[in-house]
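Here are my notes on this one, written as numbered points. Keep the viewer open and find each residue as you read.

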Amino acid sequence: VLTLGGARGDQLPLLEQIVYVHEYTHALQDQHFDLHRLLDDPTLMENPDRAIAVQSLVEGDATAVMTGYLQAVAQRNPLAALGMVVQSFQAGAFSIPPGTPDFIVTELTFPYQDGMTFVNALLREGGWDAVNRAYDQLPVSSEQILHPEKYLAGEGPQPVALESQAPAEGWERLIDRSLGEFYLRAFLRTQLPALAARTAAAGWGGDRFHLYHEAQGDRRAWALKLVWDTSADADEFAQAFRQFAAARFPDGETDGECWWTAAAALCLLDSGETTLAAAAPTPALARALEAR
């Protein structure tokens, strides 16, 4: 029986029913696929791009089931479904605490929204059997979540070697890992419109990211090497990056390759289907990172 309120017991309010459906799906996932094995894999700590891909399968699966349940409710009792939506907004179920940084919001919602799109693509391809098989053949990158056709075709990230070195004495490398299409898009989104960021990141083929820290001055620098599916994708990203840098330093200086102010610098070197970008406190330090 579907209700919108009333005492707890054998019945749940409709809003709580869809939450229950979502979480019960997780229980079934754990029973059949061992979520602790999937999500607590220590290698995911070293590869956030792969981690968010696996999480997107898990949350996208549960969200797809929950959405299917809601659709069934709407067909059987449209007024009850409408009342649930109103109740959800009143309870703040569809809101994120004010002041949450935009990037955190994007990272939190990605596994649910884009994960469901990914799972729906699997459903169209081969039904629930295709979804179940994905737990044995896990997605390996956010690119595969954003572009399910690449997962279905078995297209994974290209291996990328980055030979950057500390820009000067006293700098220590803290991170050496892949960034991924999702995080690249989120980075671009800090200065570019959503469509421009999405378009620039599409065509991502693989990357390697190094982050450096200088303890004495508490300063940071990074280098990012990207490979692309085509040279046109590389050119598109380079154009967007120049717009990004100009927006990042609207009152700064540029020589066409670097953009800087007195406190920070961004540099871009693109060649064919490979792109190298670097950031540091000064253009000289950024260029010192670039493995030419």
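1. Which residues does Leu184 touch, not counting residues up to four places away in sequence? Click on Leu184 and you should find Leu179, Ala201, Trp204, Leu224, Leu226, Trp228 and Phe237 around it. Before you go on, keep in mind that this is a predicted model.

2. Now put Leu184 in its setting. The largest nonpolar core has 50 residues, and Leu184 is among those with the most contacts inside it, along with Leu188, Trp222, Phe237 and Leu266. There is also a second, separate core of 15 residues, which includes Tyr212, Ala265, Leu276 and Ala278.

3. A few totals for the protein chain. DSSP-style elements come to 11 helices and 7 strands. Of the 292 residues, 41% are buried. If you take contacts with a separation of 6 or more, 64% of them are between residues 24 or more positions apart. The chain exposes about 15,200 Å², and carbon and sulfur atoms supply 54% of that.

4. Next, the sheet. In what order do the 7 strands sit? They go E1-E2-E3-E7-E6-E5-E4, forming an open sheet with antiparallel pairing. E1 (171-177) and E4 are at the edges with a single partner strand each, so each has one side left without a neighbour in the sheet.

5. Have a good look at strand E7 (residues 274-280). Is E7 mostly covered or mostly open? Covered: 6 of its 7 residues are buried. On one side, E7 is joined to E3 (residues 219-228) by 6 bridges, with the two strands running antiparallel. Here Lys225 stands opposite Leu276 of E7, and Leu276 is one of the residues of the second core. While you are there, remember a general point: side chains in a regular strand alternate between the two faces of the sheet.

6. E7 also pairs with E6 (residues 265-271), again in the antiparallel sense, over 7 bridges. To check the register, find Leu268, whose bridge partner in E7 is Ala277. E6 and E7 make a hairpin with 2 residues between the strands, and Gly272 in this hairpin takes a positive phi near 60°.

7. At the E4 end of the sheet, 2 bridges join E4 to E5, and these strands run antiparallel too. Thr254 is the residue to look for, as it stands opposite Trp259 in E5.

8. Time for charges. As a general rule, side chains of opposite charge can pair when their charged atoms come close. How many salt bridges does the structure hold? The count is 9. Four residues, Glu143, Lys150, Glu155 and Asp229, are linked in a network of salt bridges.

9. Lys150 is a good place to start in that network. Is Lys150 buried or exposed? It is buried, because its relative accessible area is 11% and the cut-off is under 20%. Lys150 forms a salt bridge with Asp229, and the closest N and O atoms are 2.7 Å apart. That pair links distant parts of the chain: Lys150 is in helix H7 (residues 148-152), while Asp229 is in the loop between E3 and helix H10 (231-248), 79 residues apart. Asp229 counts as partly exposed, at 30% relative accessibility. Lys150 also forms a salt bridge with Glu155, where the closest N and O atoms are 3.6 Å apart. Glu155, at 32% relative accessibility, counts as partly exposed.

10. Then try Arg287 and Asp255, whose side chains meet in a salt bridge (2.3 Å, N to O). Arg287 belongs to helix H11 (residues 283-289) and Asp255 to the loop between strands E4 (253-254) and E5 (258-260), so the pair ties together parts 32 residues apart in sequence. Arg287 counts as partly exposed at 29% relative accessibility, and so does Asp255 at 44%.

11. Last, the surface. Which residues make the nonpolar surface patch of about 310 Å²? Tyr20, Tyr24 and Leu28 make it. Tyr20 lies in helix H1 (residues 14-33), and its 49% relative accessibility is why it counts as partly exposed.

Key
Residues numbered from 1 in each chain as written. Predicted model: local features only at pLDDT ≥ 70, side-chain atom pairs only at ≥ 80, totals over all residues. Heavy atoms only, no water. Core = buried A, V, L, I, M, F, W, Y, C linked by side-chain atoms within 4.5 Å. Buried < 20%, exposed > 50% of the residue type's maximum accessible area, 1.4 Å probe, protein only. Contact = heavy atoms within 4.5 Å. Helix = DSSP H or I, 4+ residues; strand = E, 2+ residues; numbered from the N terminus. Pairing = 2+ DSSP bridges. Patch = residues over 30% accessible without salt bridge, like charges linked within 9 Å, V, L, I, M, F, W, Y side chains within 5 Å. Areas by Shrake-Rupley, 256 points an atom, 1.4 Å probe, with all protein chains shown as cover.
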